[in-house]
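Biologist: Got a minute to walk me through this one? I'd like the overall picture, then some local details.

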Amino acid sequence: MQFLFYIPTPVLSQNSNSCSNITAPLTSEEQTYARAAWQYFVKNYQPATGFTNSTGGYPSGTLWDMGNYLMALNAARWLNLTDQADFDSRLNKFLTTLNTLKLFEDALPNKVYNAATAQMVDYGNNPLERGIGWSALDVGRILAAFDVIRTCHPQYNEWLKGIVAKWQVARSLKDGQLFGATVLPENKTLLVQEGRLGYEEYAARGYQLWGFSASKAIALEPFKLVEINGVQIPIDTRDFQSTNANNYVVSESYILDGIEFGLQGELADFAARVLDVQKRRFDTTGQLTAVTEDNIDQAPYFLYNTVYANGVNWATITDGNQPYPQFRSISTKAAFGWHYLFPDNAYAQKVFDVVKDLRSPDDGGYYAGIYEESKQPNKALTGNTNGLILEILYYKARGNHPLIASGSASVSNSKPSENASSVTPANQPNSIVKTAIATPTDNSKPTEVTIAPIPPVGSPSSNLKLDRPLTVIERRYAEAAWRYFQANYHSKNGLIDDRSDFKGATLWGLGNYLAALHAARSLDIITPKEFDGRTRHLLAALTKLPLFAGELPSRSYDTRSLQPVDYGGNPIPEGNGWSALDLGRMLAALYNLKTCYPEYTVAVDKIVLDWSYLRVVREGILSSATVTKEQDGRYLTRVNPEIRLGYEEYAARAFQLWGFNLERSAVGGEYQTALVEGVKVPIQRHRTDTNSKVNQYTVSNPFVLYALEFGLDPQMRSLFEPIFQAQAERYRRTDTLTASATTLIDRKPYTVHSTITGQGSPWAALGDDGQAVPKGRLVSTAIAFAYHALLPENKYSQELLQGTTDLYNPLAGFYEGFYETTGKTAIGFTSDTNSIILQSLLYSVTNRQPLIRPTTTTNSLWWQAVTEGNSGRGLPSTATQQTKLISDSSRSYWVSDRENTH
């Protein structure tokens with residue numbers, strides 16, 4: 001999904017009722033955490049000003065500290081730690097003082113004030129008539145807090161607007177960046193750019209909430225990736241040596257972004273990496289790690305515990321970049337934040353367990369952390385630690401719903417095309433990536449239906465035997481790929497989203513999921529219980545999908561309501577046709593489920609016997625249905641042959657497993673070729689049954705899937721090998737890694753076909769509309785894994801794998817790939833990519849045998865119905881498979897019956 005940055009007008013980000021909507025009440029233990037954190041603010045309250053001390057007993061505070069207090073006060077109100085009268089009393093006093101603060105140069109609040117007297121001071125709490133400047137980052141923090149207050153307590157909106165209007169916020173903005181002010185020794189004011197990757201984007205979002213644009217600040221650049229403990233960590237390239245400002249990577253900025261705005265896009269990816277690298281440090285050293293900036297209870301009193309700073313991994317530094325590694329600590333607030341942002345993460349749970357009871361015995365609040373070296377508590381008590389804990393617990397109580405509505409800042413304001421369905425499915429490459437995306441600012445949210453799994457079928461156990469176990473590294477890859485299917489699972493109805501940015505599924509995507517389930521169970525990534533539970537749930541959901549014209553599943557469904565939608569997510573109750581290719585993907589997965597787990601046979605056969613095949617299989621050819629809207633408003637259904645190269649052959653083989661005669665769609669006959677890198681690459685089948693010219697491009701996806709599941713029969717091998725060879729030759733000639741595929745990308749047109757040849761040109765990158773996508777070519781992660789599994793001894797396939805194996809987010813799955821021109825990761829996750837990776841790993845440990853295994857059962861409900869005939873639903877004419885698995889001296893593969901007779 002593409003996130004476009006824009007200037008919002010000042011609006012309330014959500015209605016006040018949503019603030020009191022506690023959907024996940026705190027447990028009794030969590031209530032103890034909340035009460036302890038709130039006690040810090042009770043004990044450190046300054047009644048004369050309404051401010052609170054930034055650290056225990058020390059009457060000083062920055063604008064950032066004030067923002068912490070406002071967030072804590074709001075959380076305390078909705079968590080019932082204080083009543084409305086106390087809340088109003090505190091906030092009235094706070095705002096009264098804030099409104100009368102002396103400002104630096106009458107422009108913006110000073111960097112720090114005496115919390116007891118509201119005087120401008122320096123960091124030693126010494127009064128200064130002029131002050132020491134302002135911090136733009138602190139301004140951004142309090143603006144975000146103001147937004148939460150005006151949203152949850154709208155009676156304060158006008159007061160807050162008046163305060164912001166009094167401030168000269170524009171003075172802290174220049175050329176789209178944030179600028180703080182500092183006073184030089186000669187008493188001159190110097191404006192300095194503030195913010196590095198993480199905090200800069202967070203603060204800029206606060207500005208946006210009040211209508212102030214900071215376009216450069218909110219952009220992620222400039223950054224680079226640095227490998228730390230095996231994880232690529234994003235680092236701001238503006239370091240201390242070149243700018244006199246630290247480029248530290250810490251936890252807190254990502255935690256704040258997550259609980260307040262909701263982690264989105266690349267920031268979500270970056271956050272997961274920052275958590276994962278801390279786990280990796282623990283895995284390597286045994287030292288639990290949760291690093292961020294914190295006060296400490298001894299000199300120098302404040303340190304940045306970092307993942308990286310100024311060229312040093314795991315640096316612990318002062319603001320002046322002086323090292324203090326002996327005082328590195330496990331941060332309480334960081335541990336709380338990671339745990340509640342990623343509640344299913346085992347490492348986050350482990351580090352949380354160490355700090356969850358790290359409270360002062362005199363009810364002073366939570367301590368800042370635990371020193372790594374001495375293992376003793378860091379007994380600093382701060383508003384930052386305790387305020388963030390309260391914010392985090394409020395986030396949890398809201399059902400992990402961000403405190404600030406996602407539509408308020410830094411998200412796309414584009415709307416899905418109302419004509420999304422007018423792109424005919426014949427122009428679609430594959431069911432996994434369907435262009436238009438529903439906007440996150442659309443507040444209509446379908447009710448998620450609940451579906452009960454089918455009844456238990458006994459104790460299913462696979463008859464598949466592995467040739468060898470996974471290596472440690474392979475297991476890590478398999479676990480990462482499976483994470484996609486955990487992160488995008490609808491527990492109420494058993495479905496999986498085709499892609500992580502869109503609540504929708506196609507039959508192709510659900511076939512991916514079923515294949516991934518089989519691979520994950522076979523590789524022992526999931527338990528038999530989880531496999532059975534998920535499988536029975538999915539089978540139940542398949543029986544509830546509304547059928548197009550009462551015949552076959554529609555092309556796409558909303559994964560919450562199970563109702564048909566177009567590829568932009570717009571409801572279309574009548575459906576939008578069917579895809580024979582998607583049906584083929586699902587039929588292959590269902591067949592293999594019956595083969596490997598016969599206990600599910602009855603349930604599977606009941607599903608496929610509900611469908612009618614009269615129009616999808618015609619005269620030996622696969623056909624798909626499309627729906628078009630005429631000028632007079634009528635909707636017309638048209639059924640046309642499927643001719644997409646590779647996909648047609650794959651789907652036909654799947655239909656043959658069920659006895660359908662598809663001799664004209666199955667692989668075979670003559671193919672037209674184009675010369676690419678000196679290799680004759682297939683571009684389309686020579687045929688007389690249609691003159692359609694759509695989708696004249698060649699990509700790897702269907703060919704590697706066919707090879708993994710059905711093996712490479714001689715005719716398919718003659719297509720597969722030149723496709724691979726052309727990509728290897730391009731790499732040899734240009735040194736450009738090439739794994740050409742259809743993938744999701746993170747910008748328009750959202751789907752790109754990185755072709756071997758397309759529209760008559762080699763190595764074209766095309767959108768679904770056939771238009772070129774400049775610099776859009778990707779190296780596909782899934783294709784790299786598949787080629788390596790299929791051709792493990794090939795040097796080029798080995799190069800491909802080495803170039804893509806680190807392209808995963810341990811909490812979300814494998815990315816689609818990386819851009820050929822920049823090497824930058826394409827942020828996006830799909831079931832297609834992660835399913836193929838799991839299948840590739842399974843193929844590698846099963847002696848490279850086709851993943852689709854033959855069944856010996858011929859008396860199931862399906863075959864009984866075929867034998868009876870006259871079904872009125874287009875079942876096969878004979879109760880025999882039209883394809884068989886055969887073996888020669890070196891390999892096994894599926895062939896059509898007619899091929900097997902020669």
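Modeller: Sure, starting with burial: of the 902 residues of the chain, 62% count as buried, where buried means under 20% relative accessible area, exposed over 50%, and partly exposed in between, with a 1.4 Å probe and protein chains only. Bear in mind that this is a predicted model, where local features need pLDDT of at least 70 and side-chain atom pairs count only at pLDDT 80 or more, while totals for chains, interfaces and linings use all residues. Residues are numbered from 1 along each chain as its sequence is written, and side-chain values use heavy atoms, with hydrogens and water left out.

Biologist: How many helices and strands are in the chain?

Modeller: The chain has 27 helices and 40 strands. Those are DSSP runs numbered from the N terminus: helices are H or I with at least four residues, strands E with at least two.

Biologist: And what's the radius of gyration?

Modeller: The chain has 30 Å, which agrees with the value near 29 Å for a compact globule of 902 residues. That's taken over C-alpha atoms, and the globule rule is 2.2 Å times the number of residues to the power 0.38. Along its principal axes, the C-alpha trace spans about 95 × 55 × 55 Å.

Biologist: Switching to Glu642: where is it found, and is it buried or exposed?

Modeller: Glu642 is in the loop between strand S25 (635–641) and helix H20 (647–657). Its relative accessible area is 5%, so Glu642 is buried.

Biologist: What is Glu642 in contact with, leaving aside its neighbours within four places in sequence?

Modeller: The list includes Ser579, Leu622, Glu648 and Arg687, with contact meaning heavy atoms within 4.5 Å. Ser579 is 63 residues apart from Glu642 along the chain, and their C-alpha atoms are separated by 8.7 Å.

Biologist: Which side chains make a polar contact with that of Glu642?

Modeller: The Ser624 side chain does, at 2.6 Å, and the Arg644 side chain does at 2.5 Å. A polar contact is a pair of N or O atoms within 3.5 Å; within protein, one must be able to donate a hydrogen and the other to accept it, and residues adjacent in sequence count only if both atoms are side-chain atoms.

Biologist: Okay, sheets. What's the order in the one with S30?

Modeller: S29-S30-S33, an open sheet of three strands with antiparallel pairing. Its edge strands, each pairing on one side only, are S29 (742–744) and S33 (765–766). Two strands pair if DSSP finds at least two bridges between them. Two bridges join S30 (residues 751–754) to S33, and His753 stands opposite Leu766 in S33.

Biologist: What about helix H14: how many of its residues are buried?

Modeller: 15 of its 15, so H14 is mostly covered. The end C-alpha atoms of H14 (residues 383–397) are 21 Å apart, which agrees with the 21 Å expected at 1.5 Å a residue; the expected span is 1.5 Å times one less than the number of residues.

Biologist: Now backbone oddities. Where is the peptide bond cis, with omega near 10°?

Modeller: From Ala299 to Pro300. Pro300 sits in the loop between strand S11 (293–295) and strand S12 (302–305). Tyr301 is found in that loop too, and has a positive phi of about 80° although it is not a glycine.

Biologist: Is Tyr301 buried or exposed?

Modeller: Exposed, with a relative accessible area of 51%. Asn125 also takes a positive phi, near 70°, but Asn125 counts as buried at 13% relative accessibility.
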